[in-house]
Amino acid sequence: MATRSADPKGVNSTPPIDAVSLAIIEQLQEDGRRPYAAIGKAVGLSEAAVRQRVQKLLDQGVMQIVAVTDPLTVGFRRQAMVGVNVEGDLDPVADALTAMDEVEYVVVTAGSFDLLIEIVCEDDDHLLETINKRIRTLPGVRSTESFVYLKLRKQTYTWGTR
């Protein structure tokens, strides 16, 4: 069985993931509620072996199994992508943003922004308060640019594995 690394260049410290575990991940990306017995048949393992591997992948932080919703349908009427420019070290700002409940996604980027974050809010007032009173006031935040979502057209997590 060939071993492939989730991070072949060692940029992140993710442990290597073998081909069977990658196949399990792909099965769960297609249907997160797929029974372990069905996954086992597809990848050639017993139900117990699949259960162990899934738990190990969860414990290592390689994956999560969650219910993905359209935020608009569950009471969050406003989403936005916010580009953030930072003075100095990015890490303290990224850490502070990561700790905010409204922030769902934080990425360090190269280009026009130092960080891109996705925020989910109940309404426009909540969005304004989050950006103006909480994000822009963080030490090190130089500027922000907001891209308010008008409609969610596609959201998938089925990109497979490599």
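Methionine 100 touches Arg134, Ile135 and Leu138, leaving aside residues up to four places away in sequence. This contact is a good way into the structure, which is a predicted model. Methionine 100 sits in the loop between helix 4 (90-98) and strand 4 (103-108). Its partner Ile135 is 35 residues away along the chain, yet the two C-alpha atoms are separated by 9.2 Å. Methionine 100 has a relative accessible area of 8%. Buried means under 20%, so methionine 100 is buried.

Stay in this loop. Glutamate 102 also lies between helix 4 and strand 4. Its relative accessibility is 12%, so glutamate 102 counts as buried too. Its side chain makes two polar contacts that can be traced here. One joins it to the side chain of histidine 126, at 2.9 Å. Another, of 2.6 Å, joins it to the side chain of arginine 134. Arg134 is also among the residues that methionine 100 touches. Glutamate 102 has further neighbours. With residues up to four places away in sequence left out, it touches Glu118, Ile119, Val120 and Cys121, and also His126, Thr130 and Arg134.

Now step back to helix 4. At its start, a side-chain oxygen of aspartate 89 comes to within 3.1 Å of the backbone nitrogen of aspartate 91. Which residues of helix 4 are buried? They are Val93, Ala94 and Leu97. These residues cover an arc of only 100 degrees around the axis, so they lie on the same side of helix 4. Asp95 and Thr98, on the other side of the helix, are exposed. What do the buried residues of helix 4 pack against? Four strands are not the whole answer: the list holds strand 3 (78-86), strand 4, strand 5 (115-121) and strand 6 (141-148), together with helix 5 (124-135).

The last stop is on the surface. Tryptophan 159 lies in the segment after strand 6. Is tryptophan 159 buried or exposed? Its relative accessibility is 57%, and the cut-off for exposed is over 50%. Tryptophan 159 therefore counts as exposed. It belongs to a nonpolar patch on the surface, formed with Val66, Val68 and Tyr157. Together, the residues of this patch have about 440 Å² of accessible area.

Terms used:
Residues numbered from 1 in each chain as written. Predicted model: local features only at pLDDT ≥ 70, side-chain atom pairs only at ≥ 80, totals over all residues. Heavy atoms only, no water. Helix = DSSP H or I, 4+ residues; strand = E, 2+ residues; numbered from the N terminus. Buried < 20%, exposed > 50% of the residue type's maximum accessible area, 1.4 Å probe, protein only. Contact = heavy atoms within 4.5 Å. Arc of directions from axis to C-beta. Polar contact = N/O pair within 3.5 Å; in protein donor to acceptor, adjacent residues only side chain to side chain. Patch = residues over 30% accessible without salt bridge, like charges linked within 9 Å, V, L, I, M, F, W, Y side chains within 5 Å. Areas by Shrake-Rupley, 256 points an atom, 1.4 Å probe, with all protein chains shown as cover. Salt bridge = Lys/Arg side-chain N within 4 Å of Asp/Glu carboxyl O.
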